[in-house]
Amino acid sequence: MTSYLSASTVGGPLRERVTAYLKSGGFEGERAEDFVAAVNEIAVNAVRHGGGTGHLEMTIDTGVVTCRIEDRGGLTSPPRIHLPEPGIPGGRGLWIASQLADSLRLAADGRGLSVTISSDLGPEPRIDSDDVLQAADGSAEQRTAR
């Protein structure tokens, strides 16, 4: 899937396209929703901070979805990924995307920024009785794999 990004194509329209693309590949559920949110955060950043437009390319290969978003904002070095102090508006897009995707890579070449995120959206892990931990007091805790 490829897409031109602009102020009119990010947000709801992009989330719908990415969701439909993932669904066509057989991916739904929380992990897919997280990836859609991560893509949207990066796309909004590209348009807002990267010259007003961008380009998105997404692929699915053996259960791993990868999305590369490029802008032409002129950055010569990648921005730092961090969570700003409470009360400071904005500045959370890259951090949010880094929390929602399995990996996030940044590259800047003087023309702009390229952000690549990927997640393994293969089959959701199954929890069986062996994955329930029984505590000495009789309480149980379910382990989850993510």
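**Exercise 1. The first strand**

Which residues of strand β1 lie on its covered face, and which on its uncovered one?

*Solution.* The model is a predicted one. Start with the range: β1 spans residues 2-5. Ser 3 and Leu 5 form the covered face. Thr 2 and Tyr 4 form the uncovered face. Next, find the partner strand. β1 pairs with β2 (residues 54-61) in the antiparallel sense, over four bridges. For the register, take Tyr 4: opposite it in β2 stands His 55.

**Exercise 2. The chain as a whole**

Work out the order of the elements from the N terminus on.

*Solution.* Count by type. The protein chain holds three helices and seven strands. Then read along the chain: β-α-α-β-β-α-β-β-β-β. Add burial: of the 146 residues, 34% are buried. Finish with contact range. Take the contacts with a separation of 6 or more; 58% of them join residues 24 or more positions apart.

**Exercise 3. Checking a helix**

Test the length of helix α2 against the expected span, then decide why it counts as largely enclosed.

*Solution.* Step one is the expected value. α2 covers residues 30-49, which is 20 residues. The rise is 1.5 Å a residue, and the expected span uses one less than the number of residues. That gives 28 Å for α2. Step two is the model's value: the end C-alpha atoms are 28 Å apart, so the two agree. Step three is burial. The cut-off is under 20% relative accessible area. In α2, 14 of the 20 residues are buried, so the helix is largely enclosed by the rest of the structure. Last, look past the end of the helix. Just after α2, Gly 51 takes a positive phi of about 95°.

**Exercise 4. Ser 6**

Is Ser 6 buried or exposed?

*Solution.* Locate Ser 6 first: it sits in the loop between β1 and α1 (12-24). Its relative accessibility is 13%, so Ser 6 counts as buried. Now list its contacts, leaving aside neighbours within four places in sequence. They are Val 47 and Gly 52.

**Exercise 5. Two neighbours in one loop**

Compare Thr 62 with Gly 63 by accessibility, and trace the contacts of Gly 63.

*Solution.* Place the residues. Thr 62 is in the loop between β2 and β3, and so is Gly 63. Take Thr 62. At 75% relative accessible area, it is exposed. Its phi is positive, about 50°, although Thr 62 is not a glycine. Take Gly 63. At 13%, it counts as buried. Beyond four places in sequence, Gly 63 is in contact with Phe 27, Ser 119, Asp 120, Leu 121 and Gly 122. Follow one of these, Asp 120. The pair is 57 residues apart in sequence, yet 5.8 Å apart in space, C-alpha to C-alpha.

**Exercise 6. The partners of β5**

Which strands pair with β5, and in what sense?

*Solution.* Begin with β3. β3 and β5 are antiparallel and share seven bridges. In this pair, Val 64 has Asp 120 of β5 as its bridge partner. Go on to β4 (residues 103-108). Six bridges join β4 to β5, again antiparallel. Here Leu 106 stands opposite Val 115 in β5. Inspect the link: β4 and β5 form a hairpin with four residues between them. Gly 110, in the turn, has a positive phi of about 90°. Check burial: seven of the eight residues of β5 are buried, so the strand is mostly covered.

**Exercise 7. The largest pocket**

Find the volume of the largest pocket and describe its lining.

*Solution.* The volume is about 470 Å³. The lining holds 27 residues. Nearest the centre lie Asn 45, His 49, Gly 91, Gly 93 and Leu 94. Sort the lining by element: α2, β3 (64-71), α3 (93-100) and β5 (113-120) each give two or more residues. The largest share, eight residues, comes from α2. Sort by type: twelve are nonpolar, nine polar and six charged.

**Exercise 8. Arg 72**

Where does Arg 72 lie, and what does it touch?

*Solution.* Arg 72 lies in the loop between β3 and α3. Not counting residues up to four places away in sequence, Arg 72 touches Gly 50, Arg 111 and Gly 112. For a distance, pair Arg 72 with His 49. They are 23 residues apart along the chain, and their C-alpha atoms are separated by 9.2 Å.

Definitions and conventions. Residues are numbered from 1 along each chain as its sequence is written. This is a predicted model: local features need pLDDT of at least 70, side-chain atom pairs count only at pLDDT 80 or more; totals for chains, interfaces and linings use all residues. Side-chain values use heavy atoms; hydrogens and water are left out. Buried means under 20% relative accessible area, exposed over 50%, partly exposed in between (1.4 Å probe, protein chains only). Two strands pair if DSSP finds at least two bridges between them. On a 1 Å grid over the protein atoms alone, a cavity is a set of points where a 1.4 Å probe fits but cannot get out, and a pocket is an open set with protein on both sides within 12 Å along at least five of seven lines; lining residues have an atom within 4 Å of a point. Grid points are joined across faces, edges and corners, and a volume is the space filled by probe spheres set on the points. Ala, Val, Leu, Ile, Met, Phe, Trp, Tyr, Cys and Pro count as nonpolar, Asp, Glu, Lys and Arg as charged, and the others, Gly among them, as polar. Contact means heavy atoms within 4.5 Å.
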